[in-house]
Amino acid sequence: MQKNFWKNKRVLITGHTGFKGSWLVLMMHTLGAKIIGYAIDPISKPNFFDDLKLSRFLIKDYRKNINDISSLKKVIKINKPEIIFHMAAQSSVLVSYSEPIDTIKTNVVGTANILEAMKYSKSVKVGIIVTTDKVYLNLEQKKKFLEKDHLGGHDVYSGSKAASEIIFQSYQKSFFQSDSCKISTARSGNCIGGGDWTKDRIMKDCAEKLIFNKKLVIRSPNASRPWQHVLEPLAGYVKLAEKMYSRNGYSGSWNFGPNLKDNMKVLKLVNYCKKILFSKSKIQIEKKKYYESNHLSLNSEKSLKKLNWKTILRAKEAIKMTLDWYSFYFKNRKQNKDKIIKFSIDQIKQYNKIILKRKF
Ligand SMILES: NC(=O)c1ccc[n+]([C@@H]2O[C@H](COP(=O)([O-])OP(=O)(O)OC[C@H]3O[C@@H](n4cnc5c(N)ncnc54)[C@H](O)[C@@H]3O)[C@@H](O)[C@H]2O)c1
């Protein structure tokens with residue numbers, strides 16, 4: 001990531017109050033960008049963004065709905081961002097079962113709205129639409145999905161994200177053919193990292209229960225997941241934005257997947273967390289209520305070849321870094337929250353050092 005590039009760049013992040021958004025705000029802050037945020041208030045309590053008062057790193061913190069298109073257009077017109085990271089979303093598979101229409105409105109219409117707003121903007125040069133690895137038609141054949149593979153979606157979350165990819169393709173072909181504004185979608189797998197307080201996310205549950213020796217209930221113990229640290233795909237989005245801004249030929253869809261040899265079953269992850277936390281918690285396995293894919297892997301060769309990006313941390317390192325964050329948080333939350341911000345920024349710096357040290 002190039003500090004010279006980002007210094008004073010005006011960057012709009014939608015979904016800045018969420019898990020990934022909060023980390024991207026911190027990352028952009030360390031790079032010296034001028035950040036504008038656009039999102040509704042965060043749902044989870046506590047919440048990384050509001051709890052640590054991250055709005056101090058923004059020039060503007062808009063709490064508005066992505067489906068309020070006139071506000072969205074106005075915010076872009078007034079603040080003149082050059083780069084947009086679109087991450088506002090209903091991001092939970094489970095919630096998509098209970099709130100399917102809201103999920104579709106936010107994820108499909110919301111994506112159309114940001115593209116529509118960008119279409120009329122004179123300032124925006126680059127737009128990155130964040131989707132997910134769940135956009136692929138997954139027939140459970142242990143396939144490593146390539147960007148050109150068929151889109152699909154068993155649950156409404158996956159379907160809404162696949163639909164947002166199709167909307168993206170239509171907008172790209174219809175309205176973004178000139179080089180004045182370039183757009184891409186970015187697909188990554190399940191991320192872990194400190195500060196994720198979303199309901200039913202396994203690392204949050206592990207931290208909240210295992211650190212305090214409380215019983216942990218898990219679903220899908222045999223589901224094999226790629227445990228990728230949130231800083232990895234974010235670094236990929238940042239690299240992609242840098243390339244798209246200064247060169248042609250980078251618009252399109254990009255996989256930012258984890259190390260393919262590093263998938264780990266949920267039960268193995270939980271036992272590993274127990275071990276490093278010296279936890280005495282009991283683990284209870286509950287029958288899963290809804291469909292969840294068992295295998296999901298991305299082929300990210302394109303990102304390696306064209307962006308020189310790949311996942312750097314091994315799954316165990318990513319898990320350890322995440323648990324370090326939660327342990328630090330629980331120790332310091334009542335005294336000094338600035339210490340937690342410093343700890344988070346130090347994790348970003350530590351990650352950047354690892355990128356420089358490890359050869360590709
Ligand atoms: N966390 C993961 O493991 C993961 C994996 C793959 C892809 N993604 C994608 O990355 C993006 C960010 O995910 P996250 O984990 O930070 O999610 P999150 O749920 O923590 O954050 C979502 C953000 O979107 C905002 N938002 C929700 N509905 C909105 C609306 N109607 N209008 C405006 N803002 C709204 C929320 O306030 C929040 O700021 C999402 O697009 C998600 O689908 C996440």
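Biologist: Why does Ser121 count as buried?

Modeller: In this predicted model, Ser121 has a relative accessibility of 17%, and the word buried is used for values under 20%, so Ser121 falls on the buried side of that cut-off. Ser121 sits in the loop between helix H6 (100-119) and strand E5 (126-130).

Biologist: What does the side chain of Ser121 reach?

Modeller: The side chain of Ser121 reaches the backbone nitrogen of Ser123, and the distance is 3.1 Å. A polar contact requires N or O atoms within 3.5 Å, so the distance of 3.1 Å from the side chain of Ser121 to the backbone nitrogen of Ser123 meets that limit.

Biologist: Moving on to strand E5, why is Val126 called buried?

Modeller: Val126, which lies in strand E5, has a relative accessible area of 0%, and since buried means under 20%, Val126 is placed in the buried class.

Biologist: Which residues does Val126 touch, if those up to four places away in sequence are not counted?

Modeller: With those residues set aside, Val126 touches Glu82, Ile83, Ile84, Lys182, Ala241, Met244 and Tyr245. A separate value links Val126 to Ser184, for although their positions lie 58 residues apart along the chain, their C-alpha atoms are separated by 8.2 Å.

Biologist: What makes Lys280 exposed?

Modeller: Lys280 has 70% relative accessibility, and exposed means over 50%, so Lys280 counts as exposed. Its place is in the loop between helix H10 (266-276) and strand E14 (283-285).

Biologist: Why, then, is Asn213 called partly exposed?

Modeller: The relative accessible area of Asn213 is 42%, which is neither under 20% nor over 50%, and Asn213 is therefore partly exposed. Asn213 is found in the loop between H8 and strand E9 (216-218).

Biologist: How do you know that Asn213 and Lys280 approach one another in space, and how far apart are their C-alpha atoms?

Modeller: The C-alpha atoms of Asn213 and Lys280 are separated by 5.2 Å, while the two residues are 67 residues apart along the chain. Once residues up to four places away in sequence are left out, Asn213 touches Phe278, Ser279, Lys280 and Ser281. The side chains of Asn213 and Ser279 are also joined by a polar contact of 3.5 Å. As for Lys214, its C-alpha atom is 7.9 Å from that of Lys280, with 66 residues of separation along the chain.

Biologist: What is notable about the backbone of Asp200, and why is Asp200 called partly exposed?

Modeller: Asp200 has a positive phi, near 70°, in a residue other than glycine, and it lies in the loop between strand E8 (191-192) and helix H8 (202-210). Its relative accessibility is 31%, and this value stands between the cut-offs of 20% and 50%, so Asp200 counts as partly exposed.

Biologist: Why is Asn308 also called partly exposed?

Modeller: Asn308 has a relative accessible area of 44%, which again stands between 20% and 50%, so the term partly exposed applies to Asn308. Asn308 has a positive phi of about 55° although it is not a glycine, and its place is in the loop between helix H11 (301-307) and helix H12 (315-332).

Biologist: What makes the peptide bond between Lys45 and Pro46 a cis bond, in terms of omega?

Modeller: The bond that joins Lys45 and Pro46 is a cis peptide bond with omega at about -5°, and Pro46 belongs to the loop between strand E2 (34-39) and helix H3 (48-51).

Biologist: Turning to the ligand, which of the 26 residues around it come nearest?

Modeller: Those that come nearest are Thr17, Ser91, Tyr157, Lys161 and Cys191. An oxygen atom of the ligand is 2.7 Å from a side-chain N or O atom of Ser91, and a ligand oxygen is likewise 2.7 Å from a side-chain N or O atom of Lys161. In Cys191 a backbone N or O atom lies 2.7 Å from an oxygen atom of the ligand. The protein covers 93% of the 830 Å² of accessible area that the ligand has on its own.

Methods. Residues are numbered from 1 along each chain as its sequence is written. This is a predicted model: local features need pLDDT of at least 70, side-chain atom pairs count only at pLDDT 80 or more; totals for chains, interfaces and linings use all residues. Side-chain values use heavy atoms; hydrogens and water are left out. A residue is near a molecule or strand if one of its heavy atoms lies within 4 Å of it. A polar contact is a pair of N or O atoms within 3.5 Å; within protein, one must be able to donate a hydrogen and the other to accept it, and residues adjacent in sequence count only if both atoms are side-chain atoms. Accessible areas come from the Shrake-Rupley method with a 1.4 Å probe; for residues, only the protein chains shown count as cover. Helices (H or I, at least four residues) and strands (E, at least two) are DSSP runs, numbered from the N terminus. Buried means under 20% relative accessible area, exposed over 50%, partly exposed in between (1.4 Å probe, protein chains only). Contact means heavy atoms within 4.5 Å.
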